[in-house]
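Student: Please take one part of this protein and go through it closely. I would also like to know how that part fits into the whole.

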Amino acid sequence: MDSAEFSLEIGRNWMTRAREQDPQGYQRTAWRLYCEAPDEILMAALLSELSAGLSEEALDLRATSEKARAVPAEDLLRSGMLALQVALEGLRHEDWEYVVERAQAMALDAMSRRADRPD
């Protein structure tokens, strides 16, 4: 397991505990903490939350685009994950709801651009 996978696993565990303690506000709490002190584990935790729907978006894109079907699904997902990470890093002073909306739009755009790019 490399350090990124380890951070992601710790982040998932952190989110699981936070969800148990505050089912309604755990994401906003994690976002606030990340904004106050950016941390690799909190970044991984937030990425794990945002990436939940990424596979479905990639499947939808592949279902509607011939170009997207020609791209390995892993490449689409990687592009989407990078966009999510950029959103988290770049929107640190924004409201959580806006970040979620913008991050999802950025991920879909990144996957679409990857599908349009030749190999």
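**A close look at one helix**

Tutor: Glu36 has a relative accessible area of 56%, so this residue is exposed. The cut-offs are these: exposed means over 50% relative accessible area, buried means under 20%, and partly exposed is in between, with a 1.4 Å probe and protein chains only. The model is predicted, so local features need pLDDT of at least 70 and side-chain atom pairs count only at pLDDT 80 or more, while totals for chains, interfaces and linings use all residues. Residues are numbered from 1 along each chain as its sequence is written, and side-chain values use heavy atoms, without hydrogens and water.

Glu36 belongs to helix H2, the part to look at here. A helix is a DSSP run of H or I with at least four residues, a strand is a run of E with at least two, and both are numbered from the N terminus. Between the C-alpha atoms of Glu36 and His93 there are 9.4 Å, although 57 residues separate the two along the chain.

Helix H2 also holds Trp31, and Trp96 lies in helix H7. Are these two tryptophans, Trp31 and Trp96, buried or exposed? Both are buried. Trp31 and Trp96 form a tilted aromatic pair, with 5.5 Å from centre to centre and 45° between the planes. Helix H2 covers residues 26–36 and helix H7 covers residues 96–116, so this pair ties together parts that are 65 residues apart in sequence. Rings of Phe, Tyr and Trp (its six-membered ring) pair if their centres lie within 6.5 Å; planes under 30 degrees apart are stacked, over 60 edge-to-face, and the rest tilted. Tyr34 joins Trp31 and Trp96 in one aromatic cluster. The whole structure has 2 aromatic pairs.

Another link in space involves Glu97, which is in helix H7. Its relative accessible area is 38%, so Glu97 is partly exposed. From Glu97 to Arg28 the C-alpha distance is 8.5 Å, across 69 residues of sequence.

For contrast, consider Glu56 in helix H4 (residues 54–64). Glu56 is exposed, at 54% relative accessible area. The C-alpha atoms of Glu56 and Trp31 are 24 Å apart, with their positions 25 residues apart along the chain. Gln21, in helix H1 (residues 3–21), is exposed as well, at 70% relative accessibility.

Now the whole. The protein has 7 helices and 0 strands. Its radius of gyration is 15 Å, close to the 14 Å from the globule rule for 119 residues, so the protein is as compact as a globular protein of that length. That radius is taken over C-alpha atoms, and the rule is 2.2 Å times the number of residues to the power 0.38. The C-alpha atoms fill a box of roughly 45 × 30 × 20 Å along the principal axes. Buried residues make up 36% of the 119 residues. Among contacts with a separation of 6 or more, 63% join residues 24 or more positions apart, where contact means heavy atoms within 4.5 Å.
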